[in-house]
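Me: Hi! I have a protein model open and would like to talk it through with you. Could you take a look?

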Amino acid sequence: MANDLRIATFNIHKGFSALNRRMTVHELRQQLRKLDADIVFLQEVQGEHHGHAARLAHWPALAQAEFLAEDVWPQIAYGRNVSYPRGHHGNAILARLPMTDIHNQDVTHWRFERRGLLHCTVRLPATPGASGGEAVHCVCVHLSLFGHSRQRQMNALAEHIETAIAADAPLIVAGDFNDWRNRADAILARRLGLREVFAAVTQDTDRDRGQQRSTPPVRSFPAGLPLLRLDRIYVRGFSVKAATLHFAAPGIHLSDHAALSAELVRDAPAGTRDAP
């Protein structure tokens, strides 16, 4: 359907396995395609690295975002967060759908830990009788390892969303929150009306059964034996059909994180939901 979306988020660890034991970017490319996502939110994407290019025989000639997206996701947004003498890395959003209004916001707190929010809009396919598809706001995040910095960055994220995005606009925020204590819900859920996708699936199922319970986000780190709930997908204006954890098993070793995906359906506009 025109308003159905499949999305995924993945911290790809610059194209290396945990502890940088081996290059995995070619495997990542194949596995990302199997997720069959319309929009992919990526963190720790290597934009350029002259050392790896010179040392590794199969290092891609293209920047990682372009290499991973090639022939599948024609729309690419890349936000550089960290620069160093041999290159740079940051967040990326890949999309099958038209993309506009790309903006990368620096939310660094400590100068030795550079962080950013990558924001763009993606156009859903036009519905019958409409001149153009609806704009969905997409924000890819990678937040600090330190609690105080992370709190400041989540507030900056909330302020950016409140300032730049209409309160009734469809919104997806995904990435590596490094939020093992689950402090993000207080800001993103209560302040902005977002829903975490794994909790949404459980809550909707429980509601249909007349039950109610609190569900924390899924464990996604380390990928070989996930213990910490670091990676998230939050949505507003969508129902969640399914949420899935990927690449979380011993022996896969694509990254130090597991990937998440969700199947979404755009909610009907207010005032039309009860129409016959």
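Me: Let's start with charges. Which residue's side chain meets that of Arg-22 in a salt bridge?
Reply: That would be Glu-27, with an N to O distance of 2.5 Å. Keep in mind that this is a predicted model, and the distance is computed from its atoms.

Me: Are those two buried or exposed, or something in between?
Reply: Something in between. Arg-22 counts as partly exposed because its relative accessibility is 34%. Glu-27 is partly exposed too, with a relative accessible area of 31%.

Me: How many salt bridges are there in the whole structure?
Reply: The search turns up 12. One of them joins Arg-29 and Glu-70, where the closest N and O atoms are 3.0 Å apart.

Me: Where do Arg-29 and Glu-70 sit in the chain?
Reply: Arg-29 belongs to helix 1, residues 25-35. Glu-70 is in the loop between helix 3 (64-69) and strand 3 (75-84). The two are 41 residues apart, and the pair links distant parts of the chain.

Me: And why does Arg-29 count as buried?
Reply: Its relative accessibility is 15%, and the cut-off for buried is under 20%. Its partner Glu-70 is partly exposed, at 32%.

Me: What about Arg-96, which residue does it pair with?
Reply: Arg-96 forms a salt bridge with Asp-38, and their closest N and O atoms are 3.6 Å apart. Arg-96 is in the loop between strand 4 (87-95) and strand 5 (99-106), while Asp-38 is in the loop between helix 1 and strand 2 (39-49), so the salt bridge ties together parts that are 58 residues apart in sequence. Arg-96 is partly exposed at 31% relative accessibility, whereas Asp-38 is buried at 18%.

Me: Which residues make up the network around that pair?
Reply: Asp-36, Asp-38 and Arg-96 are joined into one network by salt bridges that share partners.

Me: Switching to the fold. How many helices and strands does the protein have?
Reply: Six helices and 12 strands. There is an open sheet of six strands with mixed pairing, in the order 5-6-7-8-10-9. Its edge strands are strand 5 and strand 9 (195-196), each of which pairs on one side only.

Me: How does strand 9 run against strand 10, parallel or antiparallel?
Reply: Antiparallel, with two bridges joining strand 9 to strand 10 (residues 231-236). Arg-195 stands opposite Val-235 of strand 10 there.

Me: And strands 7 and 8, parallel or antiparallel?
Reply: Those two pair in the parallel sense, over six bridges. Val-139, for example, has Val-173 in strand 8 as its bridge partner.

Me: Why is strand 8 described as largely enclosed?
Reply: Six of the six residues of strand 8 (residues 171-176) are buried, so the rest of the structure largely encloses this strand.

Me: I was also eyeing His-137. Where is it, and is it buried or exposed?
Reply: His-137 lies in strand 7, residues 135-142. It counts as buried, with 13% relative accessibility. The side chain of His-137 makes a polar contact of 2.9 Å with the side chain of His-119.

Me: What else does His-137 touch?
Reply: Leaving out residues up to four places away in sequence, its contacts include Cys-120, Thr-121, Ala-164 and Ile-165, and also Leu-171 and Ile-172.

Me: One more residue. Where does Met-23 sit?
Reply: Met-23 is in the loop between strand 1 (4-11) and helix 1. It is partly exposed, at 21% relative accessibility. Beyond its neighbours within four places in sequence, Met-23 contacts Gly-15, Phe-16, Leu-56, His-58 and Trp-59.

Me: Let's zoom out. How does the radius of gyration look for a protein with 276 residues?
Reply: It is 18 Å, which agrees with the value near 19 Å for a compact globule with that many residues. Along the principal axes, the C-alpha atoms fill a box of roughly 65 × 40 × 35 Å.

Me: What share of the residues is buried, and how much surface is exposed?
Reply: 51% of the 276 residues count as buried. The protein exposes about 13100 Å², with carbon and sulfur atoms supplying 50% of that area.

Me: And the long-range contacts, what share do they have?
Reply: Among contacts with a separation of 6 or more, 69% are between residues 24 or more positions apart.

Conventions: Residues numbered from 1 in each chain as written. Predicted model: local features only at pLDDT ≥ 70, side-chain atom pairs only at ≥ 80, totals over all residues. Heavy atoms only, no water. Helix = DSSP H or I, 4+ residues; strand = E, 2+ residues; numbered from the N terminus. Buried < 20%, exposed > 50% of the residue type's maximum accessible area, 1.4 Å probe, protein only. Polar contact = N/O pair within 3.5 Å; in protein donor to acceptor, adjacent residues only side chain to side chain. Contact = heavy atoms within 4.5 Å. Salt bridge = Lys/Arg side-chain N within 4 Å of Asp/Glu carboxyl O. Rg over C-alpha atoms; globule rule 2.2 N^0.38 Å. Areas by Shrake-Rupley, 256 points an atom, 1.4 Å probe, with all protein chains shown as cover. Pairing = 2+ DSSP bridges.
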